[in-house]
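Please look at the sequence and the structure below. The text that follows walks through selected parts of the fold.

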Amino acid sequence: MDFRRYSLPWYAYALLAYAVLGTIWWSILLLRKNAETFDARIADLTTRMTISRELEPGQTIESTAVYQEAARDFRAQRGMIVGEAILLLTCILGGAYLIYRDLRNRLMAADQQRSFLLSITHELKSPIAGVRLILETFQKRRDLPEGTQEKLSTNGLKEADRLTELVNNLLLSAKLESGYQLSKEQLDLKALLLEAVDVVKTKYPTAVVKLCTDDDLPFFRGDDAGMTSVILNLVENAAKYSQPSPVIEVELAQNGPEELVITVADNGPGVPDEHKSKVWRRFYRVGNEDTRRTKGTGLGLFIVKEMVQRHGGIIELDDNEPTGSKFRVRLPL
């Protein structure tokens, strides 16, 4: 991500530089004034003690108790000036950093929402246009061959399913933001995985999906709609971002008596290290709308992480070998 797009205007840096340099300059002036005051005090003490003959022959002012007390006061004042200068500079620079970070995050969030609006517009227009075209074809040509009618009907259903999936993700994302209440029941995660694999194979005919599960797995108590969304998003993302020849390995295993582990690995380009901690954010997508070949809304992994955490689990993202990504979901029994 190009952070130059989120930099502050030049006058903000000018004001910051003025505040920092002003603090340093006034600190130097105070240190000089403190030193001059100390020198004047010592000169006055020397004069008075010489006149009053309080200094013995050969004795220096530095060896007297009065000088030692004045020196302690001088060092204490100097330390106070330096300490206050450091504290003030820390507050100025720290406050400037916090303001910049908050502003940058707000600008990034606004930028991601704009990208989301662009992508969601495309995602909505495509299935709607497809369904409209099919309906217009049926309306204008009522004598279509039976095979053509079946093909058009199948394509229309696919576009409708695509639109339904998109709307469901939007609704689920909104519910997660406002407080989603889990409806827990006994779930067969193996059956959910089989359903997700069938859906992905139908949607992506070139995908090779290998499913491996342990025998006699216990049921998992969780939210049916939520866990279905988690599994489907992970498997479908693996196929979507591994084109043109996706090879996906899905594994369900029990790790000891207290944990079930779902692993989804693909052979796609993978996720760069600098993006691994960011892909879970709402609307976040790697790349930009000009260079990104695969369309999406940036909601899938946000929904996955939120739902997994609400089930008390954790999700991990690692690099797959030799290429691709590996998502690992750990769910407590």
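Asn169 is a residue of helix H3. The model in which it sits is predicted. Asn169 counts as buried because its relative accessibility is 14%, and the limit for that class is under 20%. Apart from neighbours within four places in sequence, Asn169 is in contact with Ser229, Asn233, Leu299 and Ile303. One of these partners, Asn233, is 64 residues away from Asn169 in sequence, while the C-alpha atoms of the two are 9.7 Å apart in space.

The contact of Asn169 with Ile303 belongs to a helix pair. Two packed helices are described by the angle between their axes and the distance between the axes. For helix H3 (residues 146-178) and helix H6 (residues 300-310), the axes come within 10 Å and cross at roughly 45°. H3 is therefore oblique to H6. The crossing in which H3 passes H6 is left-handed.

Which residues of H3 and H6 meet? From H3 come Asn169, Leu172, Ser173, Leu176 and Glu177, and from H6 come Phe302, Ile303, Glu306, Met307 and Arg310. Sorted by type, the residues of this contact between H3 and H6 are five nonpolar, two polar and three charged. As background to such spacings, an α-helix has 3.6 residues a turn, so residues three or four places apart point the same way.

Within H6, the buried residues are Gly300, Leu301, Phe302, Ile303, Val304, Met307 and Val308. Their cover includes H3, helix H5 (224-240), strand S6 (314-319) and S7. Just after H6, Gly312 has a positive phi of about 80°.

Strand S7, part of that cover, also takes part in an aromatic pair. A pair of aromatic rings is described by the distance of the centres and the angle of the planes. The rings of Trp280 and Phe327 have centres 6.0 Å apart and planes at 90°, so they form an edge-to-face pair. Trp280 is in the loop between strand S5 (259-265) and H6, and Phe327 is in strand S7 (residues 325-332), so the pair ties together parts that are 47 residues apart in sequence. Are Trp280 and Phe327 buried or exposed? Both Trp280 and Phe327 are buried. With ring centres required to lie within 6.5 Å, the count of aromatic pairs comes to three. Phe38, Tyr67 and Phe74 make up one aromatic cluster.

Another buried position is found in a strand. Thr213 belongs to strand S2 (residues 208-213). Its relative accessible area is 18%, so Thr213 is buried. Setting aside residues up to four places away in sequence, Thr213 touches Lys190 and Leu252.

These details can be placed in the protein as a whole. Its secondary structure consists of six helices and seven strands. Along the sequence, the order of these elements is α-α-α-β-α-β-β-α-β-β-α-β-β. Of the 333 residues in the protein, 34% are buried; Asn169 and Thr213 have this status. What share of the contacts between residues at least 6 apart in sequence join residues at least 24 apart? The share in the protein is 72%. The contact between Asn169 and Asn233 spans 64 residues in sequence.

Terms used:
Residues numbered from 1 in each chain as written. Predicted model: local features only at pLDDT ≥ 70, side-chain atom pairs only at ≥ 80, totals over all residues. Heavy atoms only, no water. Axes fitted to C-alpha atoms, helices over the stretch in contact; angles between N-to-C directions. Helix = DSSP H or I, 4+ residues; strand = E, 2+ residues; numbered from the N terminus. Parallel < 35°, antiparallel > 145°, perpendicular 65-115°, else oblique. Left-handed = near helix turned anticlockwise from the far one by under 90°. Contact = heavy atoms within 4.5 Å. Nonpolar A, V, L, I, M, F, W, Y, C, P; charged D, E, K, R; others polar. Phe/Tyr/Trp six-rings, centres within 6.5 Å; stacked < 30°, edge-to-face > 60°. Buried < 20%, exposed > 50% of the residue type's maximum accessible area, 1.4 Å probe, protein only.
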